[in-house]
Amino acid sequence: SLHDALPILLQDLYGSNWKNPAEENSKYVSFGPFVVDNEPPTIPVVTAYKKTSATNVVSVSGLSSLSNDTWIKGWAVTSSTATDNSGGTITYYYKSTGAAANSETSGRYLNINTEGTTKVQYKACDIAGNCSKYSSDFTIKLDRTAPTCGTATNSSTTWTNQNRTIKQACTDSHSGCEKTSYDKTYSTTTKTDTVTIKDKAGNTVSCSYNVYVDKTKPTKPSITNPTNGNWTKNNFSLTLSSSDADSGLKFYQYTYGANATATGSNANTQWITYESSNKATFTTTEFSAERNQLVYVRSCDNAGNCSDKNSTYIRIDKTAPTCTPKATLGSLTGSNYSQGTRTCSAVYTQATCSDSASGCSATKSVTTTGATTNVTNNTGYTYWDVQASGNSTVTWTVYDNAGNSKTCSAISVKKGTNS
C-alpha cells in the first residue's frame, strides 16, 4: 500500500535526512517541507446554548450555556470543539436523533427548535482526512408548551361551612409536570380560586375551579314588630331582614327557647324553620294566640352558618278585663249605696278593673243619663258623683293594656225625697 511504500520511496529520495517514523515512534512523516498526518483530531466536546428565538444562529456569542439532559423553555443551538496535533483546519460533522433528527451533516452549529428530546453527536475531521469517533450523546430537551389543567378533585358548587381540600391535577406531554397534583385546603370563605401549575421546563398555566366554602354567618336579622313589643288584642306578623354576601340566605328560624341550638319541631326548645323564607326580607305568619312571650329569630345561609339571634316580645291579649261597679254615700270612702234606694246624700260612683294578662289600663270611661249631668264615654274622670235630685244612671267602662274593654253593669241612683 501507499502507506507502506511511502517510507521506502522517501528514504531512497532523501537518504539519511529522512527518519523512519517506526524507528522514531512518530505518527508523522517529515521530509523537507512536507508532513504526512495519520492521527485523527480529538473527540469533540459538545456544548449547548439557549437561544432567544427560533431564528437560526451561526455564533453562540452572548448566549447562555445549557446543561446536558435538562429541560428548558425555549430554543437551543449546539456547538463542538476539538483539537488536532497538526494544527490544521478541523471540519465538524453532526448527527441527531429524536425530535429534531438529522443524518450526518457538515457543520459546527446545529439549531434545534423542535419541542421534545433530541440527542446530538459530533465528530471532527482534519485536512488529512483523519476523523475522530463520534462524541457521546448530548441531550437537548425543549418544551415551550404550557401544561394542561386536569381534573380539580373535590371542586364543588355545593356550599359548605367545613374546610375543603381541592386537588388540581396537571398533565404535560413534554417535560412533565413539576407536581402531578396541586393541593390546597380552604378554611376561609372562598367561592372560586385559581392555582398556577408548572412543568419541568418552567411553563405555567392558571387553572380555575369552584371552592364554595362559606365560613361567614349571615347578618343578625332586624325585626320590624308593629306592636314594638307592646300589648295588642290583634293578630300580627313580624318582618325580618338579613343578608348573606356569600352562599346566600336559605331560611329564617324562630324559637321560644333562649338556649335552643338544634333545629326541630318543638318551638319551646328547638329552632323552627319558616317555610319559603329564603329572601332578604321575610314576613312571618301571623301570631294569633294569646301570649306574653319572647320570640327569638335567626337567619341561616346555604352553607349551614346561622346568624346571631335577635328577639322581640309577642304580647297578645284577647280577653276583656273584669269590671266591678261601686257606689258610696257622701264620699269615695263612705258607706256603700244600695242601688235603687232613695237618698238625700250625694252618691259617688266608680269602677274597679282586674286583668290577668295585659293588666288594666288607667283609662276608664263613664256614661251618664237622667238628672245628673249627661256625658258619654267620657275618659276624663276616675269617679262620678251624683248631686242632682232625681233619678240618674251611671255606667262605667274599664280597659286593659291590649285595648280590650268591659262595661260594668249600670248604677241606678235615686236622689232626693221625690219618688
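A disulfide here is a pair of cysteine sulfur atoms within 2.5 Å. Cys-300 and Cys-306 fit that rule, with their sulfur atoms 2.0 Å apart. The torsion about their S-S bond is about 105°, so this disulfide is right-handed. Before going on, a word on the ground rules: this is a predicted model, in which local features need pLDDT of at least 70, side-chain atom pairs count only at pLDDT 80 or more, and totals for chains, interfaces and linings use all residues. Residues are numbered from 1 along each chain as its sequence is written, and side-chain values use heavy atoms, with hydrogens and water left out.

How much does the predictor trust this model? pLDDT is the predictor's confidence in each residue, on a scale from 0 to 100. The protein has a mean pLDDT of 93, and 91% of its residues reach 70 or more. Residues 13–26 are another story, since pLDDT stays under 50 there. For that stretch the model has 13 contacts beyond four places in sequence, a contact being heavy atoms within 4.5 Å.

Back to the cysteines. The disulfide count comes to 6. With bonded cysteines counted along the chain, the pattern reads 1-2, 3-6, 4-5, 7-8, 9-12, 10-11. To say how accessible they are, we need three words: buried means under 20% relative accessible area, exposed means over 50%, and partly exposed is in between (1.4 Å probe, protein chains only). In the bond we started with, Cys-300 is buried at 1% relative accessibility, while Cys-306 is partly exposed at 24%.

Cys-125 and Cys-131 form another disulfide, with 1.9 Å between the sulfur atoms. The link of Cys-125 and Cys-131 is right-handed, with 110° about the S-S bond. Cys-125 is buried, at 6% relative accessible area, and Cys-131 is partly exposed, at 34%. Then there is Cys-149, joined to Cys-207 with an S to S distance of 1.9 Å. This link is left-handed, with -90° about the S-S bond. Cys-149 lies in strand β12 (residues 148–153) and Cys-207 in strand β16, so the pair ties together parts that are 58 residues apart in sequence. Strands (E, at least two residues) and helices (H or I, at least four) are DSSP runs, numbered from the N terminus. Cys-149 is partly exposed at 32%, and Cys-207 is buried at 1%. Cys-344, by contrast, is exposed, with a relative accessible area of 59%.

Next, the rings. Rings of Phe, Tyr and Trp (its six-membered ring) pair if their centres lie within 6.5 Å; planes under 30 degrees apart count as stacked, over 60 as edge-to-face and the rest as tilted. The structure holds 10 aromatic pairs. In one of them, Tyr-186 and Tyr-209 have ring centres 6.4 Å apart and planes at 80°, so the pair is edge-to-face. Tyr-186 sits in strand β14 (residues 181–186) and Tyr-209 in strand β16 (residues 204–213), 23 residues apart. Both tyrosines are buried.

Tyr-254 and Tyr-274 make a tilted pair, at 4.8 Å centre to centre and 35° between the planes. Tyr-254 belongs to strand β19 (residues 249–255) and Tyr-274 to the loop between β20 (272–273) and β21 (281–283), so the pair ties together parts 20 residues apart in sequence. Tyr-254 and Tyr-274 are buried too. Ring pairs link them with Tyr-252, Tyr-256 and Phe-282 into a cluster.

Some rings also carry a charge, which sits over a ring if NZ of Lys or CZ of Arg is within 6 Å of the ring centre and within 35 degrees of the ring normal. Lys-123 lies over the face of Tyr-93, at 5.5 Å from the ring centre, and Lys-309 does so over Tyr-296, at 4.9 Å.

Finally, the inside. A nonpolar core is a set of buried Ala, Val, Leu, Ile, Met, Phe, Trp, Tyr and Cys residues joined through side-chain atoms within 4.5 Å. The largest has 18 residues, and those with the most contacts inside it are Tyr-92, Leu-110, Ile-112, Tyr-122, Ile-140 and Leu-142. The elements giving two or more residues to this core are β3 (45–51), β7 (91–98), β9 (110–112), β10 (116–125) and β11 (138–142). Leaving aside neighbours within four places in sequence, Leu-142 touches residues including Trp-71, Ile-72, Trp-75 and Ile-112. A second, separate core of 17 residues includes Ile-223, Leu-240, Val-295 and Ile-316.
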